[in-house]
Amino acid sequence: SAAEKGGYASFMLKEIADQPQAVADTLLGRVDGEGLLHLDEVRIPAAELREVDKVVIVACGTAFHAGMIAKYAIEHWTRLPCETELASEFRYRDPILDQRTLVVAISQSGETMDTLMALRHAREQGAKVLAICNTNGSTIPRESDAVLYTHAGPEVAVASTKAFLTQLVACYLVALYLGQVRGTKWGDEIRTVVRQLADVPREVDRVLETMEPVRALARSLAHHGTVLFVGRHVGYPVALEGALKLKELAYMHAEGFAAGELKHGPIALIEEGLPVVVIVPSPRGRSVLHDKIVSNIQEIRARGAHTIVVAEEGDEAVVPYADHLITVPATPTLLQPLVATVPLQVFACELATARGNEVDQPRNLAKSVTVE
Ligand code: G6P
């Protein structure tokens, strides 16, 4: 009903708007002003977490993209090897796991069949499983050794938005907590980032306030057949997620690529006027990533692409090459997906609406895939 949608035209629009609160709720009680994490609710003793020698993340769909981003965070802050794998692939492999492997299963619903089977497969081999889940008492957390709940509240629209952002928050919390418990050389950075997480709800709010030009852009592209997305580092999974949203909602041909792979094939797709969305990392910090992306934008623009650039506020270097610039607040590079994904959600939702699609219930898709 209209009341359930809180005055929004769709659940998806409401859930996009709910994101600052969902992020704040997922952080609540878990971080403090000193930059320390409190995750005692994760019932894996610190001593066991110190024994972990490998992390494997399994998930499907949008949750898989959260897992891809988690890999960058976990490897950086914990120095543990980490792999992220589609649950549907993992469950039929012979993965090398033992008691020292921590498997993280990410699922909004807690009922996705492939993710459930992947975690059973992992537990049979003695691995410990931590679920990141949005649904209390669902099957995946019940069958896991431990659970960290996301507090997004019920997500009704089939395409995941606020659940994704809170999955990211939970992944960062796990990565930072593992770093805190195990004591890495990044202790100071970990405490700083934990404090910075508190700013994320406000930053997401700021992104949401500046979406009118993104909506206008989406409407102007409604007749296009293809949109490409490119990114590097954590911007690569953001590109995949932007493309997935467009497939799910707008039924358009959309692909995400790692920018470094452009020359190995995708650049052949670029033609006059093709919309290409580029996710640009912060020019501060690891500036080498930023320089590489700027040259990628120049390359695709020189071949006629219509460049839509998602970049940090004040990033002057991208301005000359952006046919359309979408700015997001400055964040540490690893956290940028929390703000960079939001315009892509709005973009897909508006484009789908302009094409006359029903955004809450896209054709052929289910909210929770409980069969193979
Ligand atoms: C379906 C939904 C997606 C979701 C995926 C995984 O495909 O349409 O939005 O990302 O399942 O769902 P889960 O509940 O395991 O996160």
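Which residues of helix 4 meet which residues of helix 8? In this predicted model, the helix 4 side of the meeting is made up of Thr62, Ala63, Ala66, Ile69, Ala70, Ala73, Ile74, Trp77 and Thr78. Facing them from helix 8 are Phe164, Gln167, Leu168, Cys171, Tyr172, Ala175, Leu176, Leu178, Gly179 and Arg182. Sorted by character, the residues of this contact come out as 14 nonpolar, four polar and one charged. As for geometry, the axes of helix 4 and helix 8 (residues 162-182) cross at roughly 20° and come within 9 Å. Angles under 35 degrees count as roughly parallel, so helix 4 and helix 8 are roughly parallel to each other. The crossing of helix 4 past helix 8 is right-handed.

Helix 4 also turns up at the ligand. Helix 4 (residues 61-78) supplies three residues to the shell around the ligand, the largest share. In total, 16 residues surround the ligand, and the closest are Gly61, Thr62, Ser107, Ser109 and Thr112. Thr62, then, is one of the closest residues to the ligand and also takes part in the contact of helix 4 with helix 8. The make-up of the ligand shell is nine polar, six nonpolar and one charged residue.

Next come the sheets. One is an open sheet of five strands, paired in parallel and ordered 2-1-3-4-5. Its edges are strand 2 (82-86) and strand 5 (146-149), each of which pairs on one side only. On average, neighbouring strands of this sheet are turned by 20° against each other, with direction ignored. Within the sheet, strand 3 (residues 101-107) runs parallel to strand 4 (residues 128-133), and six bridges join the two. Leu102, for instance, has Lys128 of strand 4 as its bridge partner. Strand 3 takes in residues 101-107, and Ser107 is among the residues closest to the ligand.

Another open sheet of five strands has the order 7-6-8-9-10, with parallel pairing. Here the edge positions go to strand 7 (253-258) and strand 10 (324-328), each pairing on one side only. From one strand to the next, the twist averages 20°. Strand 9 (residues 306-312) pairs with strand 10 over five bridges in the parallel sense. One partner pair here is Glu312 with Val328, the latter in strand 10.

What lies across strand 8, strand 9 and strand 10? That is helix 14, which passes over strand 8 (275-279) and these two other strands and runs at about 135° to strand 10. Helix 14 has helix partners as well. Helix 11 (residues 212-220) packs with helix 14 (residues 337-354) at an angle of about 45°, the axes being 8 Å apart. That angle makes helix 11 oblique to helix 14. The two cross in a right-handed manner. Helix 11 brings Val214, Arg215, Ala218 and Arg219 to this contact, while helix 14 brings Pro343, Val346, Phe347, Glu350, Leu351 and Ala354. Seven of the residues in the contact of helix 11 with helix 14 are nonpolar and three are charged, with no polar ones.

Helix 14 packs with helix 8 too, at an angle of about 170° and with the axes 10 Å apart. Angles over 145 degrees count as roughly antiparallel, and helix 8 and helix 14 are therefore roughly antiparallel to each other. Phe164, Leu165 and Leu168 represent helix 8 in this contact, where they meet Pro337, Leu338 and Thr341 of helix 14. Five of the contact residues are nonpolar and one is polar, with no charged ones. Phe164 and Leu168 of helix 8 thus meet helix 14 and also figure in the contact with helix 4.

Notes
Residues numbered from 1 in each chain as written. Predicted model: local features only at pLDDT ≥ 70, side-chain atom pairs only at ≥ 80, totals over all residues. Pairing = 2+ DSSP bridges. Helix = DSSP H or I, 4+ residues; strand = E, 2+ residues; numbered from the N terminus. Axes fitted to C-alpha atoms, helices over the stretch in contact; angles between N-to-C directions. Parallel < 35°, antiparallel > 145°, perpendicular 65-115°, else oblique. Left-handed = near helix turned anticlockwise from the far one by under 90°. Contact = placed C-beta atoms within 7 Å. Nonpolar A, V, L, I, M, F, W, Y, C, P; charged D, E, K, R; others polar. Near = placed C-beta within 6 Å.
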